Amino acid sequence: MNGLEVGQVVAERAFPISRDSLVRYAGASGDFNAIHYRDDVAAAVGLPGVLAHGMLTMGLAVQPVVDWLGSAGWVSDYQVRFTRPVVVDPQHGATVTVTATVGALDDAGARIDLTAVCDDQTVLGKAHVRVTPLA
């Protein structure tokens with residue numbers, strides 16, 4: 001954590017999501033809600049299309065921080081609010097772009113603020129990762 005400054009971008013990454021990604025995530029998570037793979041079901045409940053699983057989006061968003069942190073520390077807290085769904089087009093999929101910025105520093109570590117964007121809209125709000133250095 002030495003050398004960090006508030007406002008410093010520590011990681012950025014784009015994550016493509018396809019319908020295949022959703023099927024794989026459904027199998028791994030056990031969340032087989034049809035809104036994640038059937039357009040007709042999504043439309044029937046008023047959604048703009050098939051949606052990525054919220055926990056998939058949340059998991060992708062923290063990955064750049066985990067990779068940046070490496071063995072220097074650990075994620076001691078992680079919180080987000082889901083603000084907009086990630087609609088996954090059947091042909092083109094979707095891309096979630098994540099930027100991780102140092103939001104605060106203290107003796108116990110750092111708060112890393114995440115910005116997760118899809119189609120120019122923020123999809124996670126108040127996304128914060130608390131990282132704590134290893135002793």
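**Exercise 1. Place Thr-101 in the fold and decide whether it is buried or exposed.**

Step 1. Find the element: Thr-101 belongs to strand E3. Helices (H or I, at least four residues) and strands (E, at least two) are DSSP runs, numbered from the N terminus.

Step 2. Check what you are looking at. This is a predicted model, in which local features need pLDDT of at least 70 and side-chain atom pairs count only at pLDDT 80 or more, while totals for chains, interfaces and linings use all residues. Residues are numbered from 1 along each chain as its sequence is written, and side-chain values use heavy atoms, with hydrogens and water left out.

Step 3. Apply the cut-offs: buried means under 20% relative accessible area, exposed over 50%, and partly exposed in between (1.4 Å probe, protein chains only). Thr-101 has 19% relative accessibility, so Thr-101 counts as buried.

Step 4. List the neighbours, where contact means heavy atoms within 4.5 Å. Leaving aside residues up to four places away in sequence, Thr-101 touches Gly-7, Gln-8, Val-9, Arg-111, Ile-112 and Asp-113.

**Exercise 2. Work out how strand E3 pairs with E1 and E4.**

Step 1. Recall the rule: two strands pair if DSSP finds at least two bridges between them.

Step 2. Start with E1 (residues 9-17), which pairs with E3 (residues 94-106) in the antiparallel sense over eight bridges. To see one of these on the model, pick Ala-14 and look across to its bridge partner in E3, Thr-97.

Step 3. Turn to E4 (residues 109-118). E3 and E4 also pair in the antiparallel sense, over nine bridges. Here Val-98 has Ala-116 in E4 as its bridge partner.

Step 4. Look at the connection: E3 and E4 form a hairpin, with two residues between them.

**Exercise 3. Describe the largest nonpolar core and the surroundings of Val-86.**

Step 1. Know what to look for: a nonpolar core is a set of buried Ala, Val, Leu, Ile, Met, Phe, Trp, Tyr and Cys residues joined through side-chain atoms within 4.5 Å. In soluble globular proteins, nonpolar side chains tend to be buried together.

Step 2. Count and rank. The largest such core holds 34 residues, and the ones with the most contacts inside it are Ile-17, Tyr-78, Val-86, Ile-112, Leu-114 and Val-129.

Step 3. Ask which elements supply it. Two or more residues come from each of E1, helix H3 (54-69), strand E2 (73-82), E3, E4 and strand E6 (124-133). H3 gives the most, with seven residues.

Step 4. Zoom in on Val-86. Not counting residues up to four places away in sequence, Val-86 touches Ile-17, Val-50, Leu-51, Ala-52, Thr-57, Ala-94, Val-96, Cys-118 and Val-123.

**Exercise 4. Follow three salt bridges and note how exposed their residues are.**

Step 1. Set the rule: a salt bridge is a side-chain nitrogen of Lys or Arg within 4 Å of a carboxyl oxygen of Asp or Glu. By this rule, the count comes to five.

Step 2. Begin with Arg-13 and Asp-67, whose closest N and O atoms are 2.3 Å apart. This pair links distant parts of the chain, since Arg-13 sits in strand E1 and Asp-67 in helix H3, 54 residues apart. Arg-13 is partly exposed at 31%, and Asp-67 is partly exposed at 40%.

Step 3. Next, the side chains of Asp-39 and Arg-19 meet in a salt bridge (2.8 Å, N to O). It too links distant parts of the chain: Asp-39 is in helix H2 (residues 39-44) and Arg-19 in helix H1, 20 residues apart. Asp-39 is partly exposed at 38%, whereas Arg-19 is buried at 17%.

Step 4. Finish with Asp-113 and Arg-111, which meet at 2.7 Å, N to O. Arg-111 has a relative accessible area of 29%, so Arg-111 is partly exposed.

**Exercise 5. Examine the phi angles of Asp-119 and Lys-126, and where each residue lies.**

Step 1. Keep the background in mind: most residues other than glycine have a negative phi.

Step 2. Take Asp-119, which is not a glycine and yet has a positive phi of about 50 degrees. Asp-119 lies in the loop between E4 and strand E5 (121-122), and is exposed at 66% relative accessibility.

Step 3. Now Lys-126, also not a glycine, with a positive phi of about 45 degrees. Lys-126 lies in strand E6 and is exposed, with a relative accessible area of 54%.
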